[in-house]
Amino acid sequence: MNTGHSIRGILIYNENKVSQGAAVCIGEGNYPIDIEKMSESFKLGVFLKQLHLNENVKRGAVHISLNFDRSDNDLSKEKLMQIASSYMEKIGFGAQPYLVYQHHDAGHPHLHIASINVRADGSRINMHNIGRNQSETARKELEISFNLVRADSRKKQSPALINAIDAEKIKYGAIDSKRAIGSVLSAVIPHYKYTTLGELNAVLNLYNVKAERGKENSKMFKNKGLVYQILDVNKKTVGVPIKASSFYSKPTLSRLEINFAAAKTSRMINMKRTRNAVDLLLLKYPSITLSQLETRLANQGITAVVRKNEQGFIYGMTYIDHNTRCVFNGSSLGPEYAAKGLLQRLGHSSRSEKQYTVPDGTAQKHGSFISAAEVQRIIDNVLYAGTPSDYVPKQLKNKRKKRRKKGQSDNN
C-alpha cells in the first residue's frame with residue numbers, strides 16, 4: 001500500500017498496462033456509472049473532484065496491491081471483485097471511489113487498486129500504520145472467508161520455493177522488457193535488505209536483471225544516474241537500458257541509498273543465521289567442496305553467489321538469505337566468510353576446486369582440515385550471543401541507576 005501526490009500517475013500506470021494487454025480493469029467502487037461506460041478522463045475526473053474538497057492533503061493518492069499465491073487458481077473476475085470490495089470495506093475505504101485492475105505481468109495472480117484518501121465530506125482518512133493494522137487484519141480474515149492460501153503458511157515452505165514464486169527469470173524478447181524488469185524490481189527492491197548496489201545486483205542477477213551506474217568518468221555516473229538492463233544466460237547485458245526514473249516505483253539511486261542506510265542496522269540481527277549456516281556445514285562436512293557448500297546452503301534458503309574474473313579466479317562471495325531477505329557481502333560477515341577466507345577454510349586455491357597449494361608449495365588433493373580451535377570458534381558462535389553489536393531488545397537492557405547526590409536520603 002503506497003500513498004502519493006498524483007492520482008493521475010497511478011491511473012496512467014494502470015491504464016497503460018491495460019493498453020499493453022498486461023492488465024484489465026475489472027471493476028469499480030462508488031462510481032456513478034458502470035466501468036464499461038467510463039472513459040479514462042471520466043475515471044480521473046471523479047478522483048480529482050473529491051480530492052479538491054481538501055486541498056491541504058498533499059498525498060491523497062492511494063495505490064494498493066493485493067497478491068495471491070500461485071496455487072490460488074480459482075480466482076474468477078467476480079471473486080476477485082468480491083475480495084477487493086470486502087478488503088476496501090475492512091480497511092475503511094468502503095465508501096471511497098476506487099478502480100480495480102487485474103494484472104497479468106507476474107508469476108502469481110494480483111490486483112492493483114487505485115483510490116484516494118479524501119472522503120466525500122472533505123475529511124482525510126488517516127493512513128498511519130494502516131498497512132500493519134487494518135490491512136493485516138483484513139488479509140487474515142479474507143484468507144479464511146474466501147478459502148485462500150494463507151500468507152503465514154508460506155513461511156513454513158522452503159524459502160527457496162517462496163523466492164521462486166515471488167519473481168521469475170526474465171528471457172529477453174519473451175515479453176516487454178520494461179514490464180519484465182519492473183516486475184522483478186517490485187519483487188526485490190522493497191523486500192530485501194542490502195547496503196550496496198553490488199548486494200542488490202546479487203539478487204537482481206538471479207532474475208537476469210542488472211542495475212548499472214555506468215563508468216566512473218561518465219556523465220551518468222557523475223549525475224548519480226541509474227539504469228536497469230536484462231541479462232542473457234551468460235549474464236551479459238542485452239537490449240536497451242531503461243532509466244530508473246521511468247519505472248512507476250522510481251527505483252533511482254537516491255531512493256536506493258535510503259534503503260542502503262536503513263539496511264545497515266536492520267539486517268544486523270540476521271547476520272548470525274548466515275554465519276551459523278556456513279560454520280555448521282563446514283563442521284559437519286570437513287571435506288565439503290565449494291559447489292557442495294553452495295548446494296547445501298541453497299537447501300536452507302541461502303544463495304551463495306561466487307564472483308569470478310575472466311581468468312576463473314574467485315575474488316568475491318555474496319550470501320543471499322531468502323528466509324530473512326538479507327544480502328551480505330562476504331566481508332561484512334567477517335574475513336572468514338569472504339572469498340579468500342572461505343577458500344582457505346575449504347582448502348582451495350581461488351582458481352580451482354581440484355587442488356590447492358599449501359604454504360610450502362606442494363600440491364595436495366582437494367580436502368580441508370578444521371583445527372580444534374576452529375571447531376571451538378564455530379561452537380561458540382552458534383551457542384553464544386556473539387559480538388557486542390548484536391541486537392538487544394530495549395526491554396532487556398539494564399537501566400542505569402541514578403546516583404544520589406551527596407547528603408540525599410531515600411526519604412527525601
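Buried means under 20% relative accessible area, exposed over 50%, and partly exposed in between (1.4 Å probe, protein chains only). This is a predicted model, in which local features need pLDDT of at least 70 and side-chain atom pairs count only at pLDDT 80 or more, while totals for chains, interfaces and linings use all residues. Residues are numbered from 1 along each chain as its sequence is written, and side-chain values use heavy atoms, with hydrogens and water left out.

**View 1. The whole protein, with its helices and strands.** The protein has 412 residues, and 43% of them count as buried. It holds 14 helices and 13 strands. Helices (H or I, at least four residues) and strands (E, at least two) are DSSP runs, numbered from the N terminus. Contact means heavy atoms within 4.5 Å. Among contacts between residues at least 6 apart in sequence, 61% join residues at least 24 apart. The accessible surface comes to about 23500 Å², and 51% of this belongs to carbon and sulfur atoms. Accessible areas come from the Shrake-Rupley method with a 1.4 Å probe; for residues, only the protein chains shown count as cover.

**View 2. The salt bridge between Arg267 and Glu199.** A salt bridge is a side-chain nitrogen of Lys or Arg within 4 Å of a carboxyl oxygen of Asp or Glu. Side chains of opposite charge can pair when their charged atoms come close. The structure holds 10 salt bridges. In the one shown here, Arg267 and Glu199 meet at 3.1 Å, N to O. Arg267 lies in the loop between α9 and α10 (271–284) and Glu199 in helix α7, so the pair ties together parts that are 68 residues apart in sequence. Glu199 is buried, at 4% relative accessible area. Arg267 is also buried, with a relative accessibility of 5%. Helix α7 spans residues 197–204. Leaving aside neighbours within four places in sequence, Glu199 is in contact with Tyr194, Arg267, Val327, Phe328, Asn329 and Ser332.

**View 3. A salt bridge within helix α4.** Glu136 pairs with Arg139, and their closest N and O atoms are 2.8 Å apart. Both lie in α4 (residues 131–145), 3 residues apart, about one turn of the helix. Is each partner buried or partly exposed? Glu136 is partly exposed at 32% relative accessibility. Arg139 is buried at 18%.

**View 4. Lys210 with Glu212, and a salt-bridge network.** The closest N and O atoms of Lys210 and Glu212 are 3.3 Å apart, in a salt bridge. Lys210 is partly exposed, with a relative accessible area of 28%. Glu212 is partly exposed too, at 26%. Elsewhere, salt bridges that share partners join Glu136, Arg139 and Glu143 into one network.

**View 5. A positive surface patch.** Arg59, Lys178, Lys250 and Arg255 form the patch. Patches are made of residues with over 30% relative accessible area and no salt bridge; like charges are joined within 9 Å, and nonpolar side chains (Val, Leu, Ile, Met, Phe, Trp, Tyr) within 5 Å. Lys and Arg count as positive and Asp and Glu as negative; His and the chain ends are not counted. The place of a charge is taken as NZ of Lys, CZ of Arg, CG of Asp or CD of Glu. Lys250 lies in the loop between β8 (237–243) and α9 (253–266). Lys250 is partly exposed, with a relative accessible area of 33%.

**View 6. Helix α13, mostly covered.** This helix spans residues 339–346, and 6 of its 8 residues are buried. They are Ala339, Gly341, Leu342, Leu343, Arg345 and Leu346. Gly347 follows α13, with a positive phi near 90 degrees.
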